[in-house]
Amino acid sequence: MLEKGRISPRQTGQLLFITTIATVIFIAPSLIASLAGHDAWLAALLGPMFTLITLLLITWLGRKHPGQTIFQYSETILGKWLGKAVALLYVWGFLHIGAMAVREFGDFMTTSFMSHTPISVFNFSMLLLCAWSVLVGLEVIARMNEFIIILIVSFLLLILFFSLPNWELDYLLPFFARGPLPVLQAALIPAAWHGNIIVLAVILPFMTRPTRAFLAGTAAIFASTTLLTIGVVGMTAIFGPELSSSFLFPLHLFAQTINIGQIITRFESVVMTTWMAGIFIKTSVFYYCAALGLAQVLNLKEVRPVVLPLGIILGTLSISLFQDVTMLGNFLKETRPYYTISLYFLGLPLLLFAVTLIREKIFGVCFGEQTNEA
Amino acid sequence: MPSAFSMLRKLLKYKLADNSSEEKQAGCRGDAIRQEDSPLLEKRLDLIRKRLGESKDIVIREFSSNNNQVKLAILYVDGLVDRRLINDHIIRPIQSDFVVKNFSHRLAEKNALQLLKKHITSISEVAEAANLTQAIRMMFSGDTALLINGEEKILVYSTRAWDRRAVTEPETEPAVRGSREGFTETLRTNTALLRRRIRHENLRLESMKAGRRTGTDVVLAYINDIINPLTLEEVRRRIAAIDTDSILESGYIEEFIEDVPFSIFPQLERTERADKAAAAILDGRILIMVDNTPHVLIVPTSFFQFIQASEDYYERPHIAVVLRLLRLFVLNIALMLPAAYVAIITFHQEMLPTPLLLSIAAAREGVPFPAVAEALLMEAIFEVLREAGVRLPKTVGQAVSIVGGLVIGDASIRAGLVSPSMVIVVAVTAISTFALPAFNASIALRILRFPLIMLAGMMGLYGVIFGLVIILIHLAGLQSFGVPYLSPLAHGSVSDMLKTFARPFWWMTRRRADELGLQNMKRQAGNMGPRKTPFAKRELTHDNTEEHDAGKR
């Protein structure tokens, strides 16, 4: 076994929650607003529900192949070479999404806080921390997350609470003016982020009680949907749909509007702290999944040898994938939802699901019993 | 490469193991003594004189019984024994008429041991040492050995009495309310303090030895039917594995048995308070008491033990909740206030409200150093002052505080070397450090403050958070005897979490902490909540008094 630690269902739910909320609440609101306008909150509420399909598929596959990660059971299902190809595709997917998260953070730091510092400083120093946490293992990441989740949730709620006096709910009207199509299109954006629960396909075999995986995932999705919806409502109610769609990091400006009695003011640093902690956990999880995947594909005995190369690839990707913030924003809005959902979150799990069913029902292969040694 | 390393390591280990076993053989004089040992008194005493050298504190007194049948010798270390006890209850009965009257016809070398032990000498604690080595070892703990000519076994009387410090208030952990008894340097006194607090048959005091030359007594104290047996086994194993010359303080043991000795955070709790130690035992933890030090160790422990004081459990719970939150806040201040200040002053001036920014800027005008250098300098000076204050005698300490406070605080500001705001920051940080109940935890914070300041000077708030995340990764990976260091916040149950941050009423704490995996979770009965006197009963007493009064009238 590559991973010796075990995490509880609660920790799993918390990890899934942070991997989605950490980036979605900082970036998605403006993207959603630019597509759905006044109905952005509706899109934020509906979008994540798509993810329940992914969750069902993953937990079903996890139950069919107990003790195996997605990298392992893709081989069991599709055969050695095709299975390894799918597993490698997932390794790439985790790297890609991780790189995007790091890039988002780097861009946020360089545009909003320290404009003279090159982005590579932030990206690589962040990855250094993540590499360390990958080395110490999933259990430690989960424990850190339990600490950080309190920080993130309380800070987000604090920001939202203090901004209450500035809310103008008139901005939310007119309701449903443009019809359902833009809302559905915009709903793909939060769906793309909540699809991050695909990491459950990797961490599920390391749970103390894998039967609770579905519950943990559902709780995580609902919690982050609630928080995201409140955030989107707040942002629309303060900036209006046009203005909030013009910033890439609206939460930052959102925090700047807070001013209570001249004392509770300038909340940007809180935003930065929150986001950095969140990105740290999110990237660690994705980095961990990629490293574990690569180690399992290559049949290594430990994760250690692939951590450094993957980290360098991640860092390089995070810098060279996008030229600037605008390109990042466009990619996140126009390409990412279709790319990630069609491939990683729905496409490949569906394929694995279908092949499992076909082989079981038609060819009579029985999965689940052969995996005793795993 | 890794295989080569492991090979090397194995080789080294093999070598090391080899060395230590040889050394052990050479170091153990017991075998040599055993070979030359003989029951004859003369030979034995010669051997003892040869082995122990010319130490003046070792007293050897030869005498014979009243009926001249048995030759005896008494052996003790002066200063560790009660001489009057030896004179009155060992030597005198043997030489007195008592023997003549009752045993003169029977007392001979072959039955001397039993007669002396059972009938003649009158000391409550007697042991039979099987050989000379064992007897000598016991003699060094203050016992008295009685050698009998022609007898292999040696009688060892417990006559320990030496000058010991009285039980006083623990100076490092004072409290307003609660017991003022602190542990002392004498192990027996300390165990007595525990027994006085826990009068239960299941309180076990398990004795071990550590340190080849110091032969230090180590006692594990725990309650048999509460404790997690796996933890106990692990503690025993780790202490038994210690193979060293000397154990002079519990700190030695702490370093030998810690999970991660390289960590800057203490993974064992330390206390001088007897009540705190008793409470820890009742919580299902294990106490490691070491002779010659008042500081006992508590395992396992978690990070959040360091924001708890024993007084929290004696005073009203409301104040305990407030104080614990305050200590958590103070812990953060002590760790990162200077770093945050440096980061904000250097990189994020926009975060301060404008009037505050202006006043700080005005104060910093003319200060020749950047804020990082200023902060590092002031923190370093503060550490020097602190250290000087601890080491110097009290009378001189006053001078240090005058020099420190006046010269360094006041004059350096007037000279324009440091800004007043920095002095305030450093002073607040210092006071916060003192406000934490656990001294060994605040050491970690004091050291970590410096790298954080440097990171803040390099990368602003990002650097501070970077440093904090590093600390967090480290803390999350730590374990103390199988219990995660960050529990119960991470990896714990909700009730444990509540118990850590908010001390519940005593009648609410039905269960012990989940994190330790104890055998016995139930602490007390559950129905002791707030109860009112039944209404009818109160009525009755009222009526009674009235009737009584009326009758009087």
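Biologist: Let's start small: which residue in strand 2 of chain B does S64(B) stand opposite?

Modeller: This is a predicted model, so everything here is read from predicted coordinates. Strand 1 of chain B and strand 2 (residues 71-77) run antiparallel and are joined by seven bridges. Across from S64(B) in strand 2 of chain B stands K71(B).

Biologist: Which strands form the edges of the open sheet in chain B?

Modeller: The sheet has five strands with antiparallel pairing, in the order 1-2-4-5-3. An edge strand pairs on one side only, and that describes strand 1 (58-64) and strand 3 (126-129) of chain B.

Biologist: By how many degrees are neighbouring strands of this sheet turned against each other on average?

Modeller: Here the direction of each strand is ignored. Taken that way for the sheet with order 1-2-4-5-3, the average turn between neighbours is 25 degrees.

Biologist: Which helix of chain B lies across strand 1, strand 2, strand 4 and strand 5?

Modeller: The strands concerned include strand 4 (143-148) and strand 5 (154-158) of chain B. The helix runs at about 175 degrees to strand 2 of chain B and spans residues 83-95. That is helix 4 of chain B.

Biologist: Now to helix 16 of chain B: why do its buried residues line one face?

Modeller: Helix 16 (residues 420-435) has 16 residues and reaches 23 Å from its first C-alpha to its last, close to the 22 Å expected. Its buried residues are S421(B), M422(B), V425(B), V426(B), T429(B), S432(B) and T433(B). They line one face because, seen down the axis of the helix, they fall within an arc of 135 degrees.

Biologist: Which exposed residues does helix 16 of chain B carry on the face turned away from its buried side?

Modeller: On the buried side, the cover includes helix 12 (317-346), helix 13 (354-364), helix 14 (371-391) and helix 17 (439-477) of chain B. The face turned away from that side carries I424(B), I431(B) and F434(B).

Biologist: Which helix gives the largest share of the largest nonpolar core?

Modeller: This core has 185 residues, and those with the most contacts inside it are I32(A), A291(A) and V464(B). The largest share comes to 19 residues, and its source is helix 11 (residues 268-297) of chain A.

Biologist: How many residues are in the other core, which lies apart from that one?

Modeller: Among its members are I227(B), I298(B), L516(B) and L518(B). The count for this other core is 37 residues.

Technical notes. Residues numbered from 1 in each chain as written. Chains lettered and ligands numbered in written order. Predicted model: local features only at pLDDT ≥ 70, side-chain atom pairs only at ≥ 80, totals over all residues. Helix = DSSP H or I, 4+ residues; strand = E, 2+ residues; numbered from the N terminus. Expected span 1.5 Å × (residues − 1). Buried ≥ 20, exposed ≤ 12 C-beta atoms within 10 Å, placed from the backbone. Arc of directions from axis to C-beta. Contact = placed C-beta atoms within 7 Å. Pairing = 2+ DSSP bridges. Axes fitted to C-alpha atoms, helices over the stretch in contact; angles between N-to-C directions. Core = buried A, V, L, I, M, F, W, Y, C linked by C-beta atoms within 7 Å.
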